[in-house]
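Please look over the sequence and the model shown below. The report that follows describes them in plain terms.

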Amino acid sequence: MEFSVKSGSPEKQRSACIVVGVFEPRRLTAVAEQLDEISEGYISNLLRRGDLEGKAGQMLLLHHVPNVLSERVLLVGCGKERELDERQYKQIIAKTIQTLNETGSMEAVCFLTELHVKGRDTYWKVRQAVEATQDSLYTFLQLKTKKGEPRRPLRKIVFNVPTRRELTVGERAIEHGLAVSKGASLTKDVANMPPNICNPAYLWEQAQSLAANYDSITAEVVNEEQMAELGMNSYLAVGRGSDNESLMSIIHHNGGPEGQAPIVLVGKGLTFDSGGISIKPGEGMDEMKYDMGGAAGVLGTMQTVAELNLPVNVIGVLAGCENMPDGKAYRPGDILTTMSGQTVEVLNTDAEGRLVLCDALTYVERFEPELVIDVATLTGACIVALGSHATGLMSTHNPLAHELLNASEQSSDRAWRLPVWDEYQEQLDSPFADFTNLGGRAAGSITAACFLSRFTKKYNWAHMDIAGTAWRSGKNKGATGRPVPMLSQFLMNRSGIKQED
Ligand code: BES
Ligand code: MN
Ligand code: ZN
C-alpha cells in the first residue's frame, strides 16, 4: 500500500474516492459540509431521507455526486461527535479500508484523519490510520491454493491533514506507522505458520533472513549441544520429548555506539505446546502453535527497529523449543538444575515456558544488558485476569514498568500492570528442590513472573504476558502482531527519535 499526506479541500480532489465523516444524528462534518455545498445539498438531502444515520461504522458509497471531481464519495458514520475516542477512531478507519478495498476504488483521499480525537494529535491520527489500514488488509494466504483476493484492491491512500504545517509530522507518522506495521506483519506471518512448518529451525531461518536484509543486523544460534555445555538443563528438558531440536536464535541490531549496553528482548518460542506428559485437553489445542508468539513479537520488533535504523543497540532472543510427550520427555517430579545453578522441581510439564525462559534469561547476562524484557504467551491465568484486551505487564523495577506503560499508552497497544510482590513468592516453595515450576491456582500469572524474577537479579527486568493478546480465537482466528507496536514505541522513545525533523 502506498501512503501519503496532503492538505487540501475536498471539492478539489480528483480521485477514485473521497472519504468524509458524518456524525450521529445525520450531522455533517466540516469537510462533508463543503462537499454538500458544491453539490447543492445532494448529501444533506440523502441524510434527510434517512439513507445514513451516522452511527459509528456505517458506510454509504455514492457515485457521481454533482459537481464533485472524484468518482465516488464514501460517507462514513463516526458516531456521536463527543464520543469519538481512540478505539472508535481505529475501528472506523479499519471498516473504511475494508469497504474501499471491496468496492473497486484503487485509490482514495481520506479526510477522517481530520476528525477530533480527544488528547490525540495529527501525528497519532495518521500513524494509527496507517497501522489500522495495514492491519485490516493483512491476510495469511500462503497455504491456500485459491487465494480469493479482491479484483480491484485499494493501492494508494492519501490522508488529509488540516494545515500545511502538519505535513511534516504526517510524513513522519507514515514512516513510523509503516515500520511498525511491517514488523507486526512479520510477527503475524511467523505466528500463523503451522507447527509442522514453524519449528525452532524455522525461527532460526527467520533470524537469518533479517540479518541478510538489514546491514545493522547479525544473527547467531545456540544449539542443543551448546546448551548442554552451558548447563541450560531446564531449557533442554522441555525440548527433550520433541524430534525438533531446540534452538535459541539471537538477533543483534547494532544501531548504537559500540560498547553501549544493549536492550535485550527475550521471546518465548514454543512452536508447539502440547503440554508434554501433563498433556493438554484436545479442544483448541491447535492454538498452541501460537505459543511462540513472544518470539514472533521479538522478531517483528527487531525488524521495525532495523527499518527505522534506531540509534540504539538491541538484542532479540528467540527461545525456540517444542513441548511434546514421548519416551524421552521430561516428567512431573523431575528435578532440573538450571543454568543459574538453582534447582527446580517440575510439578507440571505444561508450565514449560518459564523453564525455557529462565535459562534464556540467565544466558543473556553475558551481554551486560541495560535492561531485559521478556515476552511470552505464558499463562492462561492472564486471560482470566485481563481477557484479550491488555497484555499483562510485570516488573520488579518501577521506572521500567512506567516507561513501558507509557509506550503502551502512546501506541494504543494496551498493557496493564500486575504486582510481583514478595508475598506471592512462597507459592513456589518445594520440599525437594529450591522451588517448583507451579504456583497453584491463585494468581497464576504473578507466580509465573515470580518464578522468572529469580533469574533476573543481575539487571533491570520486565515481563510481558501476551497469552490473551498475541492472537484471536474463533472465526477470525489469527495472530494480532501484538506487542510489536508497544515494544517498538518503547525502543523509539529510548533512542530519542522525534515526531518531526
Ligand atoms: N502456553 C501456555 C499458556 C497459555 C494457555 C497461553 C492458553 C494462552 C492460552 C502455558 O505454557 C501453559 O500451559 N500454562 C499453564 C500453566 C499452568 C500449568 C501452571 C496454564 O496456563 O494453564
Ligand atoms: Mn504449557
Ligand atoms: Zn506454553
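Along the chain, the donors of the zinc ion (ligand 3) follow the spacing K-x4-D-x17-D-x60-E. The pair Asp273 and Asp291 links distant parts of the chain: Asp273 is in strand β10 (residues 263-273), Asp291 is in the loop between β10 and α9 (293-307), and 18 residues separate them. Both Asp273 and Asp291 are buried. The model is a predicted one.

**The two metal sites**

Which residues hold the zinc ion (ligand 3)? Its protein donors are Lys268 (NZ), Asp273 (OD), Asp291 (OD) and Glu352 (OE), at 2.0 to 2.4 Å from the ion. The arrangement is octahedral because the 6 donor atoms around the zinc ion (ligand 3) subtend angles of 78 to 176°. For six donors, the term octahedral requires opposite donors to be over 155 degrees apart and all others to lie between 65 and 115. Ideal angles for six octahedral donors are 90 or 180 degrees.

The manganese ion (ligand 2) is coordinated by Asp273 (OD), Asp350 (O), Asp350 (OD) and Glu352 (OE), at 2.0 to 2.2 Å. Asp350 thus appears with two kinds of atom, O and OD. The spacing of the donor residues of the manganese ion (ligand 2) in sequence is D-x76-D-x1-E. Its site also has 6 donor atoms, but with angles of 70 to 166° among them it is irregular.

What lies between the two ions? Asp273 bridges the manganese ion (ligand 2) and the zinc ion (ligand 3), which are 3.1 Å apart. Asp273 lies in strand β10 and Glu352 in the loop between β13 (343-345) and α10 (353-363), so this pair ties together parts that are 79 residues apart in sequence. Asp273 counts as buried because its relative accessibility is 3%. Glu352 is buried as well, with a relative accessible area of 0%.

**The protein as a whole**

The protein has 14 helices and 20 strands. Its radius of gyration is 25 Å, close to the 23 Å that the globule rule gives for 501 residues, so the protein is as compact as a globular protein of that length. Along the principal axes, the C-alpha trace spans about 85 × 50 × 45 Å.

Of the 501 residues, 59% count as buried. The accessible surface of the protein comes to about 21,000 Å², and 47% of that surface belongs to carbon and sulfur atoms. Among the contacts with a separation of 6 or more, 77% are between residues 24 or more positions apart.

The domain assignment gives domain 1 (2-164) and domain 2 (182-495). Their centres, taken over C-alpha atoms, are separated by 39 Å. Domain 1 supplies 13 residues to the contact and domain 2 supplies 15 residues.

**Single residues**

The table lists residues with their places and relative accessibility.

| Residue | Place | Relative accessibility | Class |
|---|---|---|---|
| Asn199 | loop between α5 (167-192) and α6 (200-213) | 16% | buried |
| Ile315 | strand β11 (residues 313-323) | 6% | buried |
| Arg26 | loop between β2 and β3 | 40% | partly exposed |
| Asn309 | loop between α9 and β11 | 48% | partly exposed |

Not counting residues up to four places away in sequence, Asn199 touches Asn244 and Thr271. With its neighbours within four places left aside, Ile315 is in contact with residues including Ile250, Ile251, Val264, Leu265, Met302 and Phe367. Ile315 and Val344 are 29 residues apart in sequence, and their C-alpha atoms are 27 Å apart in space.

**Backbone features**

Most residues other than glycine have a negative phi, and most peptide bonds are trans. Which peptide bond in the loop between β2 (17-24) and β3 (27-28) is cis? The bond from Glu24 to Pro25 is cis, with omega near 0°, and Pro25 is placed in that loop. The peptide bond from Arg482 to Pro483 is also cis, with omega near 5°. Pro483 is found in the loop between β20 (478-479) and α14 (484-495).

Arg26 is not a glycine, yet it has a positive phi of about 55°. Asn309, another residue other than glycine, has a positive phi near 45°.

Notes. Residues are numbered from 1 along each chain as its sequence is written. Chains are lettered from A and ligands numbered from 1 in the order in which they are written. This is a predicted model: local features need pLDDT of at least 70, side-chain atom pairs count only at pLDDT 80 or more; totals for chains, interfaces and linings use all residues. Side-chain values use heavy atoms; hydrogens and water are left out. Donors are N, O and S atoms within 2.8 Å of the metal (3.2 Å for Na, K and Ca); water is not among the atoms, so sites may look incomplete. Four donors count as tetrahedral if all angles lie between 85 and 135 degrees; four count as square planar and six as octahedral if opposite donors are over 155 degrees apart and all others between 65 and 115; anything else is irregular. Helices (H or I, at least four residues) and strands (E, at least two) are DSSP runs, numbered from the N terminus. Buried means under 20% relative accessible area, exposed over 50%, partly exposed in between (1.4 Å probe, protein chains only). The radius of gyration is taken over C-alpha atoms; the globule rule is 2.2 Å times the number of residues to the power 0.38. Contact means heavy atoms within 4.5 Å. Accessible areas come from the Shrake-Rupley method with a 1.4 Å probe; for residues, only the protein chains shown count as cover. Domain bounds come from an automatic or database domain assignment.
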